[in-house]
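Work through the following exercises with the sequence and the model open. Try each task before reading its solution.

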Amino acid sequence: MLLAATAAGASAFTAHGSVQQVYVRGATPATQLTLVNGAGQTVATRTANSLGGALFRDVPPGSGYRVRPATGADSEPLTVLSTSPAPPSTSVYDQSIPADGYGYLTTRDGTQLAINVHPPSDVTDTVPLPPGVPVPPVPTGPTPTLIEYSGYGYADPAGPQSGIAVLANLMGFTVVDVNMRGTGCSGGAFDFFEPLQSLDGYDVVETIARQPWAANGKVGMMGISYGGISQLFTAATQPPSLAAIAPLSVLDSTQTTLYPGGILNTGFAVAWAQERIHDAKAASATEGQPWAYKRIQEGDGDCAANQDLHPEAVDLMAKIRANDHYVPEVADPLSPETFVDKINVPTFMACQWTDEQTGGHCPTLAGKFSGTDRKWFTFTNGTHVDSLAPETFNRWYDFLQLYVAKQAPITNSALIKAAAPVIYQEAMGITGVTLPNDPIQEQLTYEDALAAFEDLPSVRVLFDNGAGGVQPGHPLPGFERSWSSWPIPGTSARTWYMYGNGRLRGQRVGPSRRALFNTFTADAHARPLTNFTGDTAAGSGGLWTATPPYQWSQSPPGKAASYLSDPLKKNKTVIGGGAVHVYVKSSTPNVDLQATLSEVRPDGKETFVQGGWVRGNERKLDASKSTPLAPVLSLRAADVEPLPSDTWVEVVIPLYYQGHVYRAGSRIRLTIAAPNGDQPIWSFGETEPAGTSEVSLALTKLTPSRLVLPVLPGAAVPTGLPPCPGLRGEPCRDYQPYVNVRG
C-alpha cells in the first residue's frame with residue numbers, strides 16, 4: 001500500500017498516488033490544487049470539493065509527483081501506479097478481516113472498501129427456512145468463500161441490496177459482500193468499470209484468500225447482473241488466488257445494452273445509469289445510498305470520512321452522451337467480449353435470450369472464452385432472474401461446490417432442495433417450485449462428481465423455459481440440448497424472402513416489370529413505449545412471476561410492415577442471432593427501425609421470440625467482425641451516412657440471440673416498424689426522426705429484402721407446442737392479421 005504524502009501547515013492535506021490517478025483528502029474546500037510532475041511542470045489543476053477531496057484522473061504512471069496548493073507547502077513526492085494487476089507490494093494483503101460482520105478492506109492505493117462478511121449461518125437472517133430444515137451451523141473452522149462485488153448496496157448490514165449471498169450461504173459458503181469504490185460507505189470516487197475498479201477486485205480476492213477462515217487458500221466469485229459483470233472484469237486481471245467465477249445474467253458489451261443498433265436505450269439503460277449517479281453521491285438524507293447515511297448518523301466515522309471523494313464521481317450521463325458512437329479506446333475496455341479471453345479460471349455462466357435488463361446478447365461471450373478449457377454455459381428464454389431457475393441453479397451449485405469448495409455436491413444438496421420452494425417464492429413470486437434431481441449430486445465422492453461434471457458439454461440450451469413445470473410459467477424447461485461449442489455446430493443460414501403480399505417464402509422473389517414495395521409510417525409513438533407496466537420483479541403480477549400481464553399490442557394500420565411464412569412442415573430449431581436485410585427508402589435522412597420475430601401458432605396464438613434494432617444512418621457493417629449469421633454494425637461516427645430519399649439502400653438489422661423451436665404447423669412472423677412496444681422495460685425515447693418518416697421496403701429480385709436465421713437441421717424436439725402464455729420472457733397474444741400498404 002502506498003504511503004500518503006502530507007503537506008505541512010495549518011491547512012495540511014494528504015495526497016495519495018493511485019492507479020493512473022492522484023487523490024487528495026483533507027484540503028480546505030474550494031482550495032485550488034495543482035498536480036506537478038517531477039520536473040515541476042503542471043499536469044492538471046483541480047479545486048477541492050465541499051468535503052475537502054479532489055481527484056486527478058488520467059495521470060501517467062511514474063514517481064516524483066507533488067500536489068501544490070495555492071498557498072502553503074507542496075505535498076511530499078508520490079508515485080502513480082500503472083494498471084499492471086500485481087501491486088508494488090503484496091503486504092497490503094496481510095490485513096486481518098473478521099470472519100463475520102461489517103467492516104472495511106484497504107486496497108493498494110489506501111482506499112477503504114465497505115464489506116460485509118456473511119458466514120453460512122447468516123441464511124437465517126433473510127430466508128424463512130421451512131420447518132424441519134436444518135440451519136447451517138456457525139463455522140468452527142475455515143469455510144469455502146465467495147466474493148460478491150458491485151456498486152449496489154452489497155455491504156449494507158441489513159442485507160445486500162440486489163444480491164444473492166443468501167443462496168450461497170445455503171450452499172455452505174461464506175460470502176464477502178463488497179461495495180465498489182465511490183459507493184455506499186466505500187471510499188474513492190465512482191466510474192463505471194474503470195481499470196482501478198477491476199484492480200480493487202483483484203485486491204479483494206487476494207486479501208480474502210489470505211484470511212484463516214477462507215478454506216483452500218483460494219476464493220471464488222459469484223453474483224447476478226452487476227455482480228456478475230464485475231466478475232468478468234476482475235477475473236481478466238488474473239488474481240492468483242481466484243479459484244473460479246460464476247457470472248449470471250450478464251452482457252457482452254456495454255454498447256449492446258446502452259445503444260442497441262446505435263439507438264439510445266432511454267428505458268432501462270439510462271435509468272440504471274441515473275441510479276448509479278445518485279448512489280455514487282456523498283451519502284446524505286437525499287442522495288447516495290441510504291444505508292450509508294444511516295451508518296453515518298449512527299456514528300460510523302470511517303463511512304463519514306470515506307464520502308470525501310464521492311463528489312469526484314464521473315458524470316455517467318455526460319459520458320454516455322459524449323460516446324454515442326463507437327470509439328474503440330473508450331468502448332472496448334467496457335466490453336467483456338474484448339477481454340474474456342484473458343480469464344484463465346473455471347467459469348460457469350448463464351444468460352437469457354429475453355433478459356429484460358441486460359438484453360439477449362450475452363452468448364457472444366461463449367465463443368471468446370479461449371483462456372480456459374473448463375467453461376460451461378447455460379442459455380434459455382426467460383427474465384433477468386431466470387439464471388437462478390432450477391435446472392440452472394443445480395449446475396451453478398455443482399460448479400461452485402466442485403471448483404471453489406472442492407467437495408462433492410451431495411454434501412449440501414439436501415438443504416438446498418428443502419429450501420427451494422422458499423427461494424422461488426421469494427425470487428419469482430411462484431409457489432410450488434422444487435429442484436429437479438441432478439446426477440452430479442448423486443455421486444458419492446468428489447472425484448466421481450468432478451469427472452461427471454467435466455464430461456458435460458460446454459454449451460447447454462434449455463428450450464421452452466416455462467413449459468416444463470406443473471403450471472405454465474414455472475421456471476422449468478420443456479427440454480434441453482447440449483453442444484461442445486458456440487456458435488452451435490451444424491447451424492446454417494436459412495433465408496426467407498419478403499413478398500409484397502406480406503408473405504415470407506423460401507424462394508427468392510422472381511423478376512417483375514414493376515417495382516414492388518411496401519410502405520409504412522415509422523412512428524415511435526404509435527404504440528406504448530413498453531409492453532409491460534407494473535412491478536418489474538417478483539411482486540404481485542410482477543414481471544418475474546409465472547404469467548405476467550403483458551400488454552403486447554400490434555402496430556396500428558399503416559405503422560408497420562408485417563410478413564408471415566407458410567405453415568412450417570417440420571419443426572425449425574433456431575439457435576443464434578441472424579438478421580433482417582431490407583432495402584429502404586426514407587422520406588427523412590435518418591430513421592430508426594425495429595425488427596420483431598414471433599411465432600404464429602396453429603391454435604391462433606402468437607408468441608414473441610426476439611427483436612433487433614438499427615439507426616438508419618449507422619447501417620454500415622464492420623466487415624472485420626461480421627458474419628452472415630452475426631452481423632456487427634460499425635457504429636463509428638466516420639461511417640454515418642444519411643439515407644437517400646430516391647435510391648434503395650440495403651439496411652441490415654442484426655437480431656439479438658434466440659434459442660427457439662418454431663413448431664410444425666406454426667408460421668414465422670417478421671414485423672418491421674419504428675422502435676418501442678415489444679420490450680418490457682427497454683424503450684427508446686430519443687428516436688430518429690423526432691416525428692415520423694415514410695419508409696418504403698423494396699421486394700424485388702434485385703432488391704431482395706429478407707430474413708436470415710441460424711437453423712439447426714434435424715434437431716430432435718421431444719415436446720409439442722408449449723403453453724401460451726407460459727414461456728418465460730416471451731409475451732403471448734391472440735394473433736391478428738396485418739395488411740401491409742403496397743406501393
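Two exercises follow, one on a helix pair and one on a sheet, both in a predicted model.

**Exercise 1. Helix packing**

Task: Classify the crossing of α10 and α12, give its hand, and sort the contact residues by character.

Solution:
1. Locate the helices. α10 covers residues 390-405 and α12 covers residues 446-454.
2. Take the geometry. The two axes come within 10 Å and cross at roughly 125 degrees.
3. Classify. Angles of 65 to 115 degrees count as roughly perpendicular and those over 145 as roughly antiparallel. The angle therefore makes α10 oblique to α12.
4. Assign the hand. The crossing of α10 and α12 is left-handed.
5. List the contact. α10 supplies Arg395, Asp398, Phe399, Leu402 and Tyr403. α12 supplies Tyr446, Ala449, Leu450, Phe453 and Glu454.
6. Sort these residues. Seven are nonpolar, three are charged and none is polar.

**Exercise 2. Strand order**

Task: Establish the order of the sheet that holds β4 and β7, then find its edges.

Solution:
1. Begin with one pair. β4 (residues 32-36) and β7 (residues 62-69) are joined by four bridges in the antiparallel sense.
2. Fix the register. Thr34 lies opposite Arg68 of β7.
3. Extend to the full sheet. Four strands run in the order β5-β4-β7-β8, and the sheet is open with antiparallel pairing.
4. Find the edges. β5 (42-47) and β8 (78-80) each have a single partner strand, so one side of each lacks a neighbour in the sheet.
5. Add the twist. From one strand to the next, the twist averages 35 degrees.

How values were computed
Residues numbered from 1 in each chain as written. Predicted model: local features only at pLDDT ≥ 70, side-chain atom pairs only at ≥ 80, totals over all residues. Heavy atoms only, no water. Axes fitted to C-alpha atoms, helices over the stretch in contact; angles between N-to-C directions. Helix = DSSP H or I, 4+ residues; strand = E, 2+ residues; numbered from the N terminus. Parallel < 35°, antiparallel > 145°, perpendicular 65-115°, else oblique. Left-handed = near helix turned anticlockwise from the far one by under 90°. Contact = heavy atoms within 4.5 Å. Nonpolar A, V, L, I, M, F, W, Y, C, P; charged D, E, K, R; others polar. Pairing = 2+ DSSP bridges.
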